[in-house]
Amino acid sequence: VMHAIPLDVNRLITEMSAMLLRLIGENIQISLDLAPGLHLALADRGQVEQVVMNLVVNARDAMPNGGTVRIETTNAELENSSFHEETIMHGQYVMLAISDTGIGMSKEIQRRVFEPFYTTKPSGSGTGLGLSIVRGLAMKHAATLELRKSEGNTCFELRFPQLEDALTLQS
């Protein structure tokens with residue numbers, strides 16, 4: 001059950017940062033780039049925490065020799081468009097991006113990455129549910145989810161409707 005509340009995503013990330021550092025280990029750094037004046041999102045705090053943890057754990061696993069996880073927030077305005085099978089409505093969004101300096105993904109992995117039970121980990125090391133859960137939670141929040149690749153970096157971008165736009169959509 002989703003319990004959406006006005007959520008300060010910057011505060012959530014700041015409060016989670018110490019726990020995330022313990023989760024990822026000593027050879028991985030976390031870089032925070034949190035936008036000042038970030039709008040509130042209408043979101044379920046626990047579910048957004050789960051999204052962040054799943055993405056950070058996947059980033060950790062993609063960097064067996066160490067690296068950097070970057071967590072970024074910003075305000076974003078999106079135009080009406082079709083994104084994969086989802087429709088993006090024009091409006092103000094709160095963007096949360098989590099990227100890593102890991103080993104990257106092949107095109108085949110990128111195509112399947114959100115499939116339930118799909119994993120690249122050895123048998124017994126993962127369920128293959130982390131990214132499918134992230135996708136499902138994004139859909140519950142009417143958020144967009146995009147996988148971006150550039151120069152070996154993997155970045156997952158989520159865009160949650162800003163509080164005022166989310167309230168308008170619910171009316």
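**Figure 1. Buried residues of helix 1 in the predicted model.** Helix 1 has Val9, Asn10, Leu12, Ile13, Met16, Ser17, Leu20 and Ile24 as its buried residues. The model shown here and in the other views is predicted. The packing partners of these buried residues are strand 1 (5–7), strand 2, strand 3, helix 2, strand 4 and strand 7. At Ser17, helix 1 has a bend of about 45°. Ser17 is also listed with the buried residues of helix 1.

**Figure 2. The two ends of helix 1.** At the start of helix 1, Asp8 places a side-chain oxygen within 3.1 Å of the backbone nitrogen of Asn10. After helix 1 comes Gly25, with a positive phi near 95°.

**Figure 3. Surroundings of Asn10.** Asn10 is a residue of helix 1. Its relative accessibility is 13%, and Asn10 therefore counts as buried, the limit being under 20%. The side chain of Asn10 makes a polar contact of 2.6 Å with the side chain of Thr73. With residues up to four places away in sequence left out, Asn10 touches Leu34, Ala35, Leu38 and Thr73.

**Figure 4. Surroundings of Thr74.** Thr74 is located in strand 4 (residues 67–78). Is Thr74 buried or partly exposed? Its relative accessible area is 27%, so Thr74 is partly exposed. Leaving out residues up to four places away in sequence, Thr74 touches Ala35, Leu38, Tyr93, Val94 and Met95. Ala35 and Leu38 are also among the residues touched by Asn10. The C-alpha atoms of Thr74 and Leu34 are 6.9 Å apart in space, while the two residues are 40 positions apart in sequence.

**Figure 5. The largest nonpolar core.** This core has 35 residues. Within this core, the residues with the most contacts are Val9, Val52, Leu55, Val56, Val69 and Ile71. At least two core residues come from each of helix 1 (9–24), strand 2 (28–34), strand 3 (41–43), helix 2 (45–61), strand 4, strand 7 (91–100), helix 4 (130–140) and strand 9 (153–161). Val9 also appears among the buried residues of helix 1. Which residues are in contact with Val69, leaving aside its neighbours within four places in sequence? They are Ile28, Gln29, Ile30, Ser31, Val56, Ala59, Met63, Ile98 and Ser99. One of these contacts, Val56, is itself listed with the residues that have the most contacts inside the core.

**Figure 6. Salt bridges of Arg70.** Asp33 and Arg70 form a salt bridge in which the closest N and O atoms are 2.6 Å apart. Asp33 belongs to strand 2 and Arg70 to strand 4, so this pair ties together parts that are 37 residues apart in sequence. Asp33 has a relative accessibility of 35% and counts as partly exposed. Arg70 also counts as partly exposed, at 32%. Arg70 forms a salt bridge with Glu72 as well, with 3.1 Å between the closest N and O atoms. Glu72 has 21% relative accessibility, so Glu72 counts as partly exposed.

**Figure 7. Other salt bridges.** How many salt bridges are counted? The count comes to seven. One of them joins the side chains of Asp61 and Arg60, at 3.0 Å from N to O. Asp61 has a relative accessible area of 32% and is partly exposed. Arg60 is at 25% relative accessibility and also counts as partly exposed. Glu15, Arg45 and Glu49 are joined into one network by salt bridges that share partners.

**Figure 8. The protein chain as context for the close-ups.** The chain contains five helices and nine strands. Along the sequence, these elements follow the pattern β-α-β-β-α-β-β-β-β-α-α-β-β-α. The chain has 171 residues, of which 42% count as buried. Among contacts with a separation of 6 or more, 71% are between residues 24 or more positions apart. The exposed area of the chain is about 9,200 Å², and carbon and sulfur atoms supply 52% of it.

Methods: Residues numbered from 1 in each chain as written. Predicted model: local features only at pLDDT ≥ 70, side-chain atom pairs only at ≥ 80, totals over all residues. Heavy atoms only, no water. Helix = DSSP H or I, 4+ residues; strand = E, 2+ residues; numbered from the N terminus. Buried < 20%, exposed > 50% of the residue type's maximum accessible area, 1.4 Å probe, protein only. Contact = heavy atoms within 4.5 Å. Areas by Shrake-Rupley, 256 points an atom, 1.4 Å probe, with all protein chains shown as cover. Core = buried A, V, L, I, M, F, W, Y, C linked by side-chain atoms within 4.5 Å. Salt bridge = Lys/Arg side-chain N within 4 Å of Asp/Glu carboxyl O. Polar contact = N/O pair within 3.5 Å; in protein donor to acceptor, adjacent residues only side chain to side chain. Bend = angle between axes of the 7 residues up to and from the residue.
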